[in-house]
Amino acid sequence: MTEKISRASRETAVASGSAAAAAAPVILSNERGSFAWGVLAKRHPALIQQVRDAFPYGRRQHEALDALLDESSNGVVEPLAPEEPDHGRWADWGRGHFGRSWYDAPFLWAESYFYRRLLAAVGYFGTGPWQGVDPFAPFKQAELRGEAVEEELRALDALADAPAGERATALLHASLWGNRADLGFRASGESPAGEVATSALVADDSAALWQLLPAGASATVAVVADNAGRELIPDLILIDHLLEHRHAERVVLHVKPYPYYVSDAMTADVVDCLRRLTEAPGEAGRIGGRLWKGMAAGSLEVRTHSFFCAPLPYEEMPEDLRKEFAGVTLTILKGDLNYRRLVGDRLWDATTSFAELTAYFPGPVAALRTLKSDVIAGLQQGTLDDLERSGAAWRTSGTHALIQVRK
Ligand SMILES: O=P(O)(O)OC[C@@]1(O)O[C@H](CO)[C@@H](O)C1O
């Protein structure tokens with residue numbers, strides 16, 4: 001099966017200095033059969049249904065969900081209600097998209113706005129009884145209680161006595177492939193988290209990553225988390241390894257300030273994962289205990305920023321976040337969405353240099369991502385040729401992954 005690549009627009013390209021950006025169109029969702037189209041046409045309606053089924057919402061929420069389903073399927077983009085706290089910000093970000101089809105807006109914007117509107121529909125920021133109730137919590141919790149997590153935690157016992165290098169690689173890969181566990185995929189019945197015969201790294205700069213973090217160098221590492229549960233657990237285990245083996249003296253874990261992209265991690269999810277770890281027997285429990293203490297001691301700190309839920313590329317990050325990333329030894333960005341925001345949600349020529357695209361980033365940066373959307377850069381020509389020849393849906397199915405580093 002060959003992939004139908006999303007349609008893209010040069011006109012909607014955001015201003016960017018590089019010539020490569022000028023040539024790489026922004027991804028839209030209006031190409032029927034493309035990945036982006038499928039997200040809006042299938043994944044979003046399925047998600048509305050799942051959220052609706054997961055809570056005993058009242059009439060008001062059901063009506064708002066009906067209206068969102070209708071608008072996003074058949075209508076034009078409507079602004080956020082004036083009483084929503086960030087109405088002004090979204091009015092700015094959405095200029096040019098309101099009154100037009102959702103499918104004609106940049107994919108990144110449309111997806112991001114969909115999640116914001118879903119929160120509005122269920123009253124997440126309202127003053128009523130559903131205020132602050134994460135509509136995705138039941139899915140996250142079920143995953144955390146599931147057999148897969150149980151098994152992954154048990155497997156840590158076998159790794160406890162492995163040589164440090166072997167353990168480091170295994171934990172880095174666990175964090176990387178943990179990104180395949182994305183509840184957004186499951187909303188529409190796709191399953192990148194299943195058994196994958198063709199798993200492969202399309203780029204592997206892990207040697208550069210470890211070079212940036214020699215043991216004992218008092219490094220601070222920023223980890224920008226992606227999904228909760230099955231991804232955040234291995235992220236936390238990797239963080240413990242960095243701290244234990246003195247690759248980092250301090251780790252700052254950045255999470256979302258509110259629910260986003262179904263399974264994205266917030267502070268509450270960090271707490272749930274730490275609790276899951278500490279309550280586990282064996283090595284998992286020991287790791288959980290160390291991390292719990294690390295939070296109190298300041299070697300592990302959780303932070304959040306509204307920019308993490310903004311429909312913008314990292315190139316447009318605000319000054320405070322820029323300073324934050326400039327001040328650390330390495331920033332590790334987890335997941336597909338962070339990758340799209342890091343390099344720009346565009347149809348790059350897949351061999352465009354990753355280092356050039358991320359030159360604006362204020363410090364060394366590593367992307368750990370399974371491939372779940374059309375965006376890809378930094379591939380060797382030979383790798384690209386092999387992937388294209390395979391005929392597989394390698395860009396979007398989550399069967400492939402990458403570790404890319406810009407020093
Ligand atoms: O950032 P994650 O969790 O790795 O992936 C999120 C993600 O798979 O969800 C979208 C579809 O809903 C994709 O476009 C995408 O990037």
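Domain bounds here come from an automatic or database domain assignment. With those bounds, domain 1 (35-140) and domain 2 (200-406) both give residues to the shell around the ligand, so the ligand lies between them.

A quick word on the model before going further. It is a predicted one, where local features need pLDDT of at least 70 and side-chain atom pairs count only at pLDDT 80 or more, while totals for chains, interfaces and linings use all residues. Residues are numbered from 1 along each chain as its sequence is written, and side-chain values use heavy atoms, with hydrogens and water left out.

**Around the ligand**

The shell holds 17 residues, and Glu111, Asp226, Asp336, Leu337 and Arg340 come nearest; a residue is near if one of its heavy atoms lies within 4 Å of the molecule. By type, the shell splits into 6 nonpolar, 4 polar and 7 charged residues. For that split, Ala, Val, Leu, Ile, Met, Phe, Trp, Tyr, Cys and Pro count as nonpolar, Asp, Glu, Lys and Arg as charged, and the others, Gly among them, as polar.

Which helices each supply at least two residues of the shell? They are α2 (35-54), α5 (107-121) and α15 (335-343), and α15 gives the largest share, with 4 residues. Helices are DSSP runs (H or I, at least four residues), strands likewise (E, at least two), and both are numbered from the N terminus.

Three acidic side chains have an N or O atom paired with a ligand oxygen as a polar contact (a pair of N or O atoms within 3.5 Å):

| Side chain | Distance to a ligand oxygen |
|---|---|
| Glu111 | 2.8 Å |
| Asp226 | 2.8 Å |
| Asp336 | 2.4 Å |

Taken alone, the ligand exposes 380 Å², and the protein buries 99% of that (accessible areas by the Shrake-Rupley method with a 1.4 Å probe).

**Empty space inside**

A cavity is a set of points on a 1 Å grid over the protein atoms alone where a 1.4 Å probe fits but cannot get out, and lining residues have an atom within 4 Å of a point. That rule gives 2 cavities of 30 Å³ or more. The second largest has a volume of about 30 Å³, a volume being the space filled by probe spheres set on the points. Its lining is made of Ser175, Val223, Asp235, Leu238, Ile239, Ile332 and Lys334. Two or more of these residues come from each of α11 (232-244) and β7 (330-334), with α11 giving the most, 3 residues.

Methods: Polar contact = N/O pair within 3.5 Å; in protein donor to acceptor, adjacent residues only side chain to side chain. 1 Å grid on protein atoms, 1.4 Å probe; cavity = no way out; pocket = protein on both sides within 12 Å on 5 of 7 lines; lining within 4 Å.
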